[in-house]
Amino acid sequence: MMNQASEAWSEFKAMDELAGQASVIHRLHPLVKLLVTIVYIAAAVSFPKYNLSGLLVMVLYPVFVFQASLIPIRTCFRKMRVVLPLVCAVGLFNPFFDRAPLFMLGGLAVSGGVVSMLSLMMKGIFSLMASFLLIATTPIESLCQALRQMHVPKILVTLLLLTYRYISVLLEELSVMLDAYHLRAPGQKGIHVSAWGAFLGQLLLRSMDRASALYESMQLRGWSGAFYYVRGGRLTVTSLLYGVFWIALFLLARLVNLSQLLGTLLV
Amino acid sequence: MHMADALLAPAVAATMYAASAVATGVSIRELRKDETPQKLPTMAVMAALVFAGQMINYAIPGTGSSGHLCGGMMLTAVLGPFAGFLSMIVILAIQALFFADGGLLALGANIWNMSFYGCFAGYFLIYRPILRGGLFSGRGRRAAVRLRIILASVLGCVATLQLGAFSVVLETALSGVTELPFGAFVAVMQPIHLAIGLVEGLVTAAVLVFIYESRPELLMDVDPDAGAAGRRSAASTLVVLAVVVAVVGGGFSLLASGNPDGLEWSMFGNAESGYSANMGLDEARFGVESSAADTVAALQEKVSFLPDYAFANDAENPVGTTVSGLLGSALVAGAALLIAFAGGFFRKKAGAQKS
């Protein structure tokens, strides 16, 4: 049986493995991928709540990246299983409060609430997919490099990198502690109130010692407070074209209802 | 309490990013004043610890359920407000990126709702005044500090979670993505987060008391010499308590109020008298649906025999364009499917590369 800590740990490992692959998307410049993701989410979320057909165009981006990067879509939905119901629950109220019919589908009146609920769910799924695809195709070091290029403060980026590395260490340690605790207290749902302080407190004390040891060892190796990134990630023409293409498409789709335009051309 | 990207309008998200960026800038500046490089590994390990600590289930006595830790208050108590705030940002960023908790766009709002209140409001208004104050002085030093830690942790967590939960409701309402009335949303969020805050406060208190017993030098504001300069009277502590009571009580009064939409009513409700126009407020542009009106309308529709079949007045979707919209959507879906099938091309290519 896996406890929550080891589950989270294995999720980190799985993401690291995905990000370590070498597909067309993985090879793109991290800054381009980060910018495309941000523009995509902002564009998708900003669609008016009744503009379902316009929003649908945005599905093309995640579908393309899933295919081109060879990331199984299953892993993405597995990750979203906790968060997605929450987003949907908020939208679930819309059909009850907004009942004016928006258009007729066959003989059925579709109310504004149903449309806005669907568009809210789609926005939720799209934005989660986009962040997932970014992190599944970009190793954390490359992402930190992109963040530095976007002038995110050095201290924050270094902290992110260090924390990320230490999370797996602490998750592993905590997983052992949880297993040990539950083996000695079988059938107990969580940590008993008598151990609330000591359980995490012990780990905290040990971690503080670990932190000072870490600092000393880093100092011995000449660390001066920040990491330096290899300038390996040159902005290639492919990356640039990729970024320009998608960002242009997102903006166009946001300004013009492409689905409708396509339909009008045919009718 | 993590907000998803879809629940936020970009304008609200950008505003919250700007607010959080200011707080981050101030924190970094403050932090640079003392030894940053030395503190960085400690911050990283503490952030990782709090992240891991969120995976622990705490059995709540007397109930069958269990609670979790969010950790903002604990980080602040050990690292101080500025370093705690930065560590919390990193935790939220990792949650957003790797666990789909929150989102890239909503990160600014989440930082504000979960870190700003906990690290700054909680520390400066509640935690530090109580710990440096003279409460429980009659009980001996160690016992007094212990009691102060417990009181500060519980009050701090409850108050800051109430503020955070209220901000979530406010940001969602301002984004206008849900038709859920403001008052109903508040009535759901505040009591839930009162319970969460209590559990969080008690767990935080337990951990901090444990640290105080074994390594008191790790905690902020418990050192008698450092505290002497900022020692305050019981009166100032009482002021702090009054602030906390006002914040928590404010949440409750919203629930108890007969007109829970007071905020919206005050802004848009008396539009007839030209109030909104006078104030330069435009409901449509503001993005807030008048939930009171919606509730009444929904009620009316339930009561009336035949529903009102007037079409929603949306210029973007007149009935005539619906057909082309549907047809175009089908084409887009077809294109998406085509890309999905074309994926075999990339897969084959990858397979060829491997062999």
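**Exercise 1.** In this predicted model, determine how the span of α1(B) from its first C-alpha to its last compares with the one expected at 1.5 Å a residue, and list which residues of the helix are buried.

*Solution.* Begin with the length: α1(B) has 24 residues. The expected span is 1.5 Å times one less than the number of residues, which for this helix comes to 34 Å, and the reach found in the model, 35 Å, is close to that value. Turning to burial, for which 20 or more other C-beta atoms must lie within 10 Å of a residue's own, the residues that qualify in α1(B) are V12(B), A13(B), M16(B), S20(B), A23(B), T24(B), S27(B) and L31(B).

**Exercise 2.** Describe the side of chain B that touches chain A, stating which element gives the most residues and how the residues divide by character.

*Solution.* The contact draws 89 residues from chain B and 101 residues from chain A. On the chain B side, the elements that give two or more residues include α1 (10-33), α2 (36-53), α7 (182-214) and α14 (319-354). Of the elements, α14(B) gives the most, with 21 residues. By character, this side of chain B divides into 62 nonpolar, 18 polar and nine charged residues.

**Exercise 3.** Work out why the buried residues of α6(A) line one face of the helix, and identify what covers them.

*Solution.* In helix α6 (residues 84-91) of chain A, the buried residues are V87(A), V90(A) and G91(A). Seen down the axis of α6(A), these buried residues fall within an arc of 100°, so they line one face. On the other side of α6(A), P85(A) and A89(A) are exposed. The cover over the buried residues includes α7 (94-97) and α8 (112-137) of chain A.

Technical notes: Residues are numbered from 1 along each chain as its sequence is written. Chains are lettered from A and ligands numbered from 1 in the order in which they are written. This is a predicted model: local features need pLDDT of at least 70, side-chain atom pairs count only at pLDDT 80 or more; totals for chains, interfaces and linings use all residues. Two residues are in contact if their C-beta atoms, placed from the backbone, lie within 7 Å. Helices (H or I, at least four residues) and strands (E, at least two) are DSSP runs, numbered from the N terminus. Ala, Val, Leu, Ile, Met, Phe, Trp, Tyr, Cys and Pro count as nonpolar, Asp, Glu, Lys and Arg as charged, and the others, Gly among them, as polar. A residue is buried if 20 or more other C-beta atoms lie within 10 Å of its own, exposed if 12 or fewer, and partly exposed in between; C-beta atoms are placed from the backbone. The arc is that of the directions from the helix axis to the C-beta atoms.
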